[in-house]
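Work through the exercises below with the structure open beside you, and try each task before you read its solution.

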There are 2 protein chains.
Amino acid sequence: MIQQLIEKIQKTHAPICVGLDPMLSYVPEHIRRRSFAEFGETLEGAADAIWTFNREIVDATWDLIPSVKPQIAMYEQFGIEGLKVYEKTVRYCQEKGLIVIGDAKRGDIGSTSAAYAAAHLGSVKVGDTVCRAFDTDFVTVNPYLGSDGVKPFVDVCRSEDKGIFVLVKTSNPSSGEFQDRLIDGKPLYEHVADKVEEWGADTMEGGYSNVGAVVGATYPQMGAALRRRMPHTYFLVPGYGAQGGTAEDLRACFNEDGLGAVVNSSRGIIAAYRKESYEKFGPEHFAEASRQAVIDMIADINRVL
Amino acid sequence: MIQQLIEKIQKTHAPICVGLDPMLSYVPEHIRRRSFAEFGETLEGAADAIWTFNREIVDATWDLIPSVKPQIAMYEQFGIEGLKVYEKTVRYCQEKGLIVIGDAKRGDIGSTSAAYAAAHLGSVKVGDTVCRAFDTDFVTVNPYLGSDGVKPFVDVCRSEDKGIFVLVKTSNPSSGEFQDRLIDGKPLYEHVADKVEEWGADTMEGGYSNVGAVVGATYPQMGAALRRRMPHTYFLVPGYGAQGGTAEDLRACFNEDGLGAVVNSSRGIIAAYRKESYEKFGPEHFAEASRQAVIDMIADINRVL
């Protein structure tokens, strides 16, 4: 799967993914009004508004980008109706040829992690029939429970040609609270990084494994050290744009050949029309604003590569 | 919310929760056959089988117990249909007066954690209308991302009178890989434990806070140390029974007054009919086997308190 992502990145010259993390407040009023008129101020109404919003953004950007990263929490908050739209969004993006990274940060132990891996990457057997649930291409995974929490995901990566990105160093302000603490002279996130390389060793495709790492753009020096430490690991890099990470900051997450990282932007793309620099598009043309923001982001990142 | 849990524990004399973590293979064949006949070998068929299984177990045990802990991964693997049954199970148990601990191990940053908190404990605003999604009483939370990943959950605990259990020391074999590593002379899980006490300080109800901790029964010495370290924190204790933890092992997770911990058993209860000691019930009477296993578990734990 990592090779498919790399090929799409090379074809689009765009090492990015668009974070489909729709807050209801990002959805322009004319869409909300229409959905609420049809379905009421209900979870179904909210989900319908988000679906319309997503679809227009995907329609306006899919030809420019290799991948999207829907954040499942933003759908889960609308319950079953929200999760139906998550599933519909995943399917719609895959039909457009996009690689879908489900940002679910799941992680549990043994058979429970296996169930999450089945839910998001693999399949379940019902009687003699193989059924698939969310079926994204990648999913993000939380490592706090150790190897027996992560390995069930790795097994599915191998059997189904899928991938994962394991949280190593996250982009948020308090990520250092535990992740940066020194253990035997090196921070916890480096211990996790070493495990990620180990977990990925059996699922190599070309120079990279199907076990990637989440490395926040907001901590560039740590990104540089991790890039050296994890030569076979692709990075999923959050924190660009709205969270404060610049193109210069994330340069270090890439290898010399311009590969090795895929940079996410969520708010900066999907809510671009609310930013001063794109407000000329107006809420009615929010998707065109997103397209322009994608073009600008690609140029900005390629500038430093 | 923690006081409601404690009152129910005192009323039932049963500091336990039943883990509703149904693997499809636990569901007796006669139920699977009926569901597959009606809905086919589909995700819907699997979900229907699990719903029937859950309902019979709840009907057979609800009067003996204070709480249940459905593991959402086991539903998520069946996609939307599975999650509908998760929701239906939560609602059914709440109607029976049970406290529902959603075992979701969610955790992300800022607005994303807020969305998870809204999904599982709180509400979302759709237009002017307040809507609720899964609406469990407690949810489990992963602390790897630090305070700004956990605080949005704590805020909802306070505003909605709900609770969380934060992973501190998990019950699985490789939990020590990161959790036991020494930082400034004490293991990571103790650093997390100290944060849990801190996060809980603003949401006290009586002697305990609404921010609890997950502490595995499989590491009794660590449980004892954590019990002393976290005087205001209720423990959710997995690992009893099928995972190898004995009543003696988990004694240390309780305080002198017999409070301070709620012990989970999943497989040992819901799949009791498959164990030699309960096989006399047979698959047709699996729920009666579960009832007997609950009675035996309560006696076993009360024996050491």
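**Exercise 1.** State what area is buried between chain B and chain A, and which residues of chain B lose the most area to chain A.

*Solution.* In this predicted model, the area buried between chain B and chain A is about 5,700 Å², and carbon and sulfur atoms give 62% of that area. Turning to chain B, the residues that lose the most area to chain A are I80(B), Y144(B) and F178(B), which together make up 15% of what that side buries. As for the residues that take part, the contact draws 72 residues from chain B and 72 residues from chain A.

**Exercise 2.** Find how many salt bridges are counted between chain B and chain A, and describe the polar side of the interface.

*Solution.* The count is eight salt bridges between the two chains. One of them joins R106(A) to E76(B), with the closest N and O atoms 2.9 Å apart. Polar contacts across the interface come to 35 residue pairs, with both residues at pLDDT 80 or more. On the side of chain B that touches chain A, helix α6 (residues 110–120) gives the most, with seven residues, and the residues of that side divide into 35 nonpolar, 21 polar and 16 charged.

**Exercise 3.** Decide whether T170(B) is buried or exposed, and describe its surroundings.

*Solution.* Begin with the position: T170(B) lies in the loop of chain B between β7 (163–169) and α8 (176–179). Its relative accessible area is 3%, and because buried means under 20%, T170(B) is buried. Its side chain makes a polar contact of 2.6 Å with the side chain of N172(B). Leaving aside neighbours within four places in sequence, T170(B) is in contact with L145(A) of chain A, and with S175(B), Q179(B), G216(B) and Y219(B) of chain B.

Definitions and conventions
Residues numbered from 1 in each chain as written. Chains lettered and ligands numbered in written order. Predicted model: local features only at pLDDT ≥ 70, side-chain atom pairs only at ≥ 80, totals over all residues. Heavy atoms only, no water. Helix = DSSP H or I, 4+ residues; strand = E, 2+ residues; numbered from the N terminus. Buried < 20%, exposed > 50% of the residue type's maximum accessible area, 1.4 Å probe, protein only. Polar contact = N/O pair within 3.5 Å; in protein donor to acceptor, adjacent residues only side chain to side chain. Contact = heavy atoms within 4.5 Å. Buried area = accessible area lost by both parts, 1.4 Å probe. Salt bridge = Lys/Arg side-chain N within 4 Å of Asp/Glu carboxyl O. Nonpolar A, V, L, I, M, F, W, Y, C, P; charged D, E, K, R; others polar.
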